[in-house]
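Let us go through this model by its definitions. Each label should be set against its cut-off.

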Amino acid sequence: MLQVSNLSKTYKGSDKKAVNNLSFEVKEGEIFGLLGLNGAGKSTAFKCITGIQPFDEGSVSVCGYDIIKDEMQAKQNYAFIPDNHAVFEGLTGREYITFMASVYNVDKETMNKRIDRFVEMFNSGSYLDNPIRSYSHGMKQKVAIMGGIIHYPKLWILDEPLLGLDPKSIKQIQTFMREYAQMGNSILFSSHILDTVSKMCDRVLIIDHGETKGLIDIKGKKENGENVNLDEIFFSLVEE
Amino acid sequence: MIFKLVGLHLKQSTGRSQKKIAEYILPAIFLMASLAVIVVSLYYSGKAFDKLRFGTEYITISIFILQLIMIVYNIVATIKQLYMSNDSLLFLKLPIKKIDIYLSKIIFILLNQYILCFGYLLVTAGMFGMIAEYGGVYFAKLFLISIIITAFSMGAGGILSVPVLYIISFLKRHNILKLIVIAACVAVFFTFYIKIMNGFISVIDATRDKNYLNPALVNEIKDTAGIFVYSHLFSDILFGTRPALSYGITIPLAGILITLSFFIAKYKYFKIQSEALENNIKSTKKDVPVLKPALALLRREYLLIFRSDYESLSFISTALTMPIMVYMTTKVVAVSGTADIGGNIVFGICVLTLAVFIVISNSACASTVSRDGQAAYTMHILPYSVKKQLLIKLVANSVVTVIPFVISEIVLVATGYLTVSQFFATLFLLLIFIVVEGFMAVMNDYKSPEYSEYSKGNEGGKNTLFSTLIGLVVAIIIGLLAILLPFVLSNPEVSYAALYGVVILYAVIVAIVNRGFFRRVQR
């Protein structure tokens, strides 16, 4: 679903690589976590993977499409929700979702069915027709998600999706992420909340200073009856 | 505490950060252009009125205009500072009394009002006093009437601000109606502006070579001044006529109004603060059309522009005022300049004015990416070419310049300031200028967008400043060439060729500067 190979990125004016030789694969139906401390390079990696920022070395392919050579096909196959939940504040929630549906060529009937499903899932019917600028943090995040995945992409990328949300919103989004993966889609998300990652992810890649520190197969370990203490693993790898 | 808060309000309003300057530079250029026209007209009309011994009429009309401006200004300032300001909620969390916050805001508005009033009186009644060589008592009375007028306008404005607030709240929920009302207000303002300017121009024109006016114009001026009974009382104070009546009405009336306004505004301000945390937004489900990607992007661009009070006001006022301002500027210069310099200057003035207003209007292109705020990242993740998205932004923003520009050209031809051949020559010349200027502005904003975490609706200030300054330099070069060339070259085609040469050179420079970057923009 997503293949990242030897990805490296150095920002202008910096002599340090923000992302250094990063390689991993996200499989179909998998929830894959990218774990790291603040400044570990998670957001930079996402920006390179989604084509927001150019990278120096390596390659990224989404559903077999190269993010540089087959840019439009690659973009048609993923959704990206950034950590700041930024959406067009002057639109209403419904207008934002419809705008995204238009650009992703989703027909009206399909869009309306999906909106109804989202409204039920996120209990968001009461505010969808209000201007986004009147929304709370959690409402904005939910609308960003609804607009982002209105075309039901194969790959869903989320940067710190649960940051600053209340417990109810966290629960709603976690439930939806699981259901989405069970439909055969893949999810790549970053977080520094170890407990969430441990509960949600099938596999986790730990990065520090832009470099891979370890790949943990949580699902595999759980299936083998092993007890996974992600806290311990994480700090042993990062502190090294 | 009250004066500390007043100091803070003053600091906030006069902050000289780059963004603040940029934020105000366009309205400032616009205002200065209007003021320049007014001051020149005032000087000449002041001389003319003095020559005709129409001092009372001149002062009466000037003060009526001042009162109108000040009441409108006060309504806006009261609503902005008291009813729609977010900083009150912040202050209320600090150990500051509600009444202190209210008083500090009132004093801040009062100071602004007084500066505006006194400044206006200096350039109108003050200038007239110097032309007519009045004594010191006249100028001392200017101080007195500036205090009375400030109190009157503040009282009237403060009382009227309450119903206006309700109208604004209603309009905020009805976007189309809001746009119509903004357009209507701008139209009314400029109708009034044209009427006043035409009045001044006709007086200047009528008294240029003679010391008398035709009786019809005399009666018209006297009748106009006669309608403004209340403003007439101030000219009575200045000239020392009917002292009991003038002082007896103006001072108590101003006192009553400002006292009433103080208590009404205080009641409303306290009420709004206590209701501030309640969320009263009404929701109505609307059927939103699913469009082709390009149309969806264009629709989003316009929705974001017209839902922002700042952007929509800039767009509508620029679109509506460009033809009027171009026409009025040309007319004033033609009246006062043609006789001194020669008729050849009119073509150049038309080109210069058009080019300057194009730059001001087209400045919307310079914040088109920044306006998207943090959501600008979507440009890169959507499966739609970034180059095409930039092109859509250029088209969406430039249309707002092209339409009033073409109308301005038609107005200039219809009023005889441009010939048909000059119309076509300048039409294509300046259309190229609009595209080049717009492209430069969009690319500049794309290269270094400016947005904060919390959208304020006026992002991209630095980019707007940069693009506007570059554009103004080019506009002035084009305009000056258009003014000078007809005096040097007898063949107009050669003049046109030179002007096209400048615009094409500008296009080439912009293309070269952006070539490498544009090639690297994602498809």
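**Confidence, burial and contacts**

Q: Which elements of chain B have the lowest and the highest mean pLDDT?
A: Helix 2 (residues 18–51) of chain B has the lowest, 62, and helix 16 (residues 420–447) of chain B the highest, 92. pLDDT is the predictor's confidence in each residue, from 0 to 100. Helices are DSSP runs of H or I with at least four residues, strands are runs of E with at least two, and both are numbered from the N terminus.

Q: What are the ground rules here?
A: This is a predicted model, in which local features need pLDDT of at least 70 and side-chain atom pairs count only at pLDDT 80 or more, while totals for chains, interfaces and linings use all residues. Residues are numbered from 1 along each chain as its sequence is written, chains are lettered from A and ligands numbered from 1 in the order in which they are written, and side-chain values use heavy atoms, with hydrogens and water left out.

Q: Where in chain B is the pLDDT below 50?
A: Chain B averages a pLDDT of 79, with 75% of the residues at 70 or above. Residues 16–20 of chain B fall below 50, and this stretch has 5 contacts beyond near neighbours in sequence. Residues 453–458 of chain B also fall below 50, with 9 such contacts. A contact means heavy atoms within 4.5 Å.

Q: What is the average pLDDT of chain A, and which of its elements have the lowest and highest means?
A: Chain A averages 88, and 99% of the residues score at least 70. Helix 9 (residues 230–239) of chain A has the lowest mean, 82, and helix 3 of chain A the highest, 93. The whole model scores ipTM 0.86 and pTM 0.70.

Q: Why is A:T44 called buried?
A: Buried means under 20% relative accessible area, exposed means over 50%, and partly exposed lies in between (1.4 Å probe, protein chains only). A:T44 has 10%, so A:T44 is buried. A:T44 sits in helix 1 of chain A. Not counting residues up to four places away in sequence, A:T44 touches A:K9, A:Y11, A:A18, A:V19 and A:Q53.

Q: What makes helix 1 of chain A mostly covered?
A: Of the 8 residues in helix 1 (residues 42–49) of chain A, 6 are buried. They are A:K42, A:T44, A:A45, A:F46, A:C48 and A:I49. Just after this helix, A:G51 takes a positive phi of about 85°.

Q: Why does A:Q174 count as buried?
A: The relative accessibility of A:Q174 is 16%, so A:Q174 counts as buried. A:Q174 belongs to helix 6 (residues 167–182) of chain A. Leaving aside neighbours within four places in sequence, A:Q174 contacts A:L162, A:T196 and A:M200.

Q: Is A:N21 buried, exposed or partly exposed, and why?
A: A:N21 is partly exposed, because its relative accessibility is 44%. A:N21 lies in strand 2 (residues 17–26) of chain A. A:N21 is not a glycine, yet has a positive phi of about 55°.

Q: Is A:N105 buried or exposed, and why?
A: A:N105 counts as exposed, because its relative accessibility is 58%. A:N105 is in the loop between helix 3 and helix 4 (108–122) of chain A. Phi of A:N105 is near 55°, a positive value in a residue other than glycine.

Q: Which residues touch the most other members of the largest nonpolar core?
A: A nonpolar core is a set of buried Ala, Val, Leu, Ile, Met, Phe, Trp, Tyr and Cys residues joined through side-chain atoms within 4.5 Å. The largest has 93 residues, and A:L2, A:F24, A:I49 and A:W156 touch the most other members. Helix 3 (residues 93–103) of chain A gives the most to this core, 6 residues. Another core of 50 residues lies apart from it, including B:I109 and B:L233.

Q: How many disulfides does the structure hold?
A: The count is 0 over all chains. A disulfide is a pair of cysteine sulfur atoms within 2.5 Å, so no pair of cysteines meets that cut-off here. B:C117 is buried, because its relative accessibility is 0%.

Q: How many salt bridges does the rule find across the interface of chain B and chain A?
A: The rule finds 0. A salt bridge needs a side-chain nitrogen of Lys or Arg within 4 Å of a carboxyl oxygen of Asp or Glu. The contact takes 31 residues from chain B and 39 residues from chain A. About 3200 Å² is buried between chain B and chain A, and carbon and sulfur atoms give 62% of that. Buried area is the accessible area (1.4 Å probe) that two parts lose on being put together, summed over both.
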